[in-house]
Amino acid sequence: MPKKITILHGAGGSESQELIKEVILGRFSYKKFDVPLDALDDASVVNGIVFKTDSHAVYPLFFPGGDIGRLAVCGTVNDISMVGGKPLALSLAIVMEEGLDYSVLEKVLDSVKIACDEADVKIVTGDTKVVEHGGVKEMILNTSGIGIRSPYLDHNFEIVEKFRNINTRWLLDSNLQPGDKIILSGYIGDHGIAVMSARRQYGLSSDIVSDVQPLNHMVEKVLKVGGIVAMKDPTRGGLSNLLYEWCEKSGVGIEIEESKIPLREGVKAACEILGISPLEIGNEGKAVLAVVPEMAEKVLSTLRETKEGAYSQIIGEAVSGHDKVVMKTIVGGRRIVPRPRGDPIPRIC
Ligand code: MG
């Protein structure tokens with residue numbers, strides 16, 4: 001039987017990882033850039049330019065708290081920020097289904113504009129294509145973005161180096177060491193549940209709104225404090241996939257405390273109805289930071305002063321001795337968090 005692409009291949013879990021590693025990386029491996037494709041980090045760095053691309057196929061296009069336009073801007077802005085870049089400019093490519101209402105396009109473009117203003121980035125190049133009815137579902141957006149090195153990144157690493165050695169100049173997934181504290185910038189699961197409720201499937205009605213927001217201003221504030229070794233946004237695959245990527249690339253284990261993970265009652269209830277883990281749901285306005293332990297409280301209090309990170313928590317730390325994500329549960333037990341194979345809710349980003 002010839003191999004076929006399945007929905008799991010686009011879901012950000014272990015199936016996606018296998019596809020990328022086995023089919024794509026082998027053809028395009030080139031390790032000479034500052035942060036190459038092979039690093040599979042949130043963005044790459046080429047001759048000092050931070051570069052990222054991201055396609056958005058969320059359905060429905062509009063959901064509580066956001067829409068595909070806002071998502072497309074925030075996704076790329078956030079990935080550039082996560083490696084220590086300051087995002088400057090984006091491209092916007094629009095693939096539309098024949099028959100799409102003009103008003104829908106205009107509403108999405110207005111939202112793109114608002115999100116760009118919030119993030120202080122500009123759309124500088126783009127493309128429009130129309131495909132026959134059924135070729136896409138209403139609309140797919142792609143944004144690519146470029147950024148420069150954050151002016152505060154050198155200071156951040158100077159603070160790290162007061163406490164330990166680090167041999168990169170960017171915030172990479174491979175930078176963690178045992179002892180580093182893990183900080184989550186707020187509630188998880190909101191985005192996935194908001195999109196799910198907009199689909200009106202499974203009788204799910206909730207007042208949860210998506211967290212989709214640009215994080216570049218928040219990131220700038222914590223880089224000014226310093227002591228951060230890695231940063232990543234828990235998008236597809238959620239918090240658990242993010243932590244496993246850190247474990248794998250840094251050669252550490254990670255222990256987290258369930259009681260510290262910010263989770264809204266509505267998200268918890270929806271997850272129970274759907275039989276899914278909030279740790280595997282994609283978020284669009286959250287960051288996870290790995291910080292040298294000596295600076296963790298200072299970074300935490302700075303995050304909490306921002307509107308984006310007001311509900312930040314230290315949720316755990318990197319450890320030696322195993323290579324898994326282990327959670328201390330609310331009832332006092334310890335369990336291995338499974339690595340997601342795919343996204344429990346498809347097409348939320
Ligand atoms: Mg990311």
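Before I start, a word on exposure: buried here means under 20% relative accessible area, exposed means over 50%, and partly exposed lies in between, with a 1.4 Å probe and protein chains only. By that scale Glu 138 is partly exposed, with a relative accessible area of 24%, and I will come back to this residue towards the end.

What we are looking at is a predicted model, in which local features need pLDDT of at least 70 and side-chain atom pairs count only at pLDDT 80 or more, while totals for chains, interfaces and linings use all residues. Residues are numbered from 1 along each chain as its sequence is written, and side-chain values use heavy atoms, with hydrogens and water left out.

Let me begin with the sheets. Helices (H or I, at least four residues) and strands (E, at least two) are DSSP runs numbered from the N terminus, and two strands are said to pair if DSSP finds at least two bridges between them. One open sheet is formed by 5 strands in the order 1-2-7-5-6, with mixed pairing. Strand 1 (44-46) and strand 6 (122-131) stand at its edges with a single partner strand each, so one side of each is left without a neighbour in the sheet. Direction ignored, neighbouring strands of this sheet are turned by 20° against each other on average; axes here are lines fitted to C-alpha atoms, for helices over the stretch in contact, and angles run from 0 to 180 degrees between N-to-C directions. Strand 1 pairs with strand 2 (residues 49-56) in the antiparallel sense over 3 bridges, and Val 46 has Ile 49 in strand 2 as its bridge partner. Across strand 5 (85-97), strand 6 and strand 7 (139-149) lies helix 3 (residues 102-119), which runs at about 175° to strand 5.

The other open sheet I want to show has 7 strands in the order 9-11-8-12-10-13-14, again with mixed pairing. Its edge strands are strand 9 and strand 14 (334-336), each of which pairs on one side only, and its neighbouring strands are turned by 25° against each other on average, direction ignored. Strand 8 (residues 181-184) is joined by 4 bridges to strand 11 (residues 288-291), antiparallel, with Ile 182 opposite Ala 290. Strand 8 is also joined by 4 bridges to strand 12 (residues 313-319), likewise antiparallel, and there Leu 184 stands opposite Gln 313. Strand 9 pairs with strand 11 in the antiparallel sense over 4 bridges, with Lys 232 opposite Val 288.

Now to the metal site. Which residues are the protein donors of the magnesium ion? They are Asp 42, Asp 79 and Asp 233, each through OD, lying 2.0 to 2.4 Å from the ion, where donors are N, O and S atoms within 2.8 Å of the metal (3.2 Å for Na, K and Ca), and because water is not among the atoms, sites may look incomplete. The spacing of these donor residues in sequence is D-x36-D-x153-D. Asp 79 in helix 2 (residues 68-82) and Asp 233 in the loop between strand 9 (228-232) and helix 7 (238-250) are 154 residues apart, a pair that links distant parts of the chain. Asp 79 is buried at 7% relative accessibility, and Asp 233 is buried at 8%.

Helix 5 (residues 190-198) is my next stop: 8 of its 9 residues are buried, so this helix is largely enclosed by the rest of the structure. Its buried residues include His 191, Ile 193 and Met 196, and what covers them includes strand 3 (62-63), helix 2 and helix 8 (265-274), contact meaning heavy atoms within 4.5 Å. Arg 200, with a positive phi near 55°, follows helix 5.

Finally, some details of the loops. Between strand 2 and strand 3 lies Pro 60, and the peptide bond from Tyr 59 to Pro 60 is cis, with omega near 5°. Asp 120, in the loop between helix 3 and strand 6, has a positive phi of about 60° although it is not a glycine, and Asp 120 is exposed at 51%. The loop between strand 6 and strand 7 holds Glu 138, whose phi is also positive, near 65°. Gly 134 lies in the loop between strand 6 and strand 7 and is exposed at 60%; its C-alpha atom is separated by 8.3 Å from that of Glu 98, 36 residues apart along the chain.
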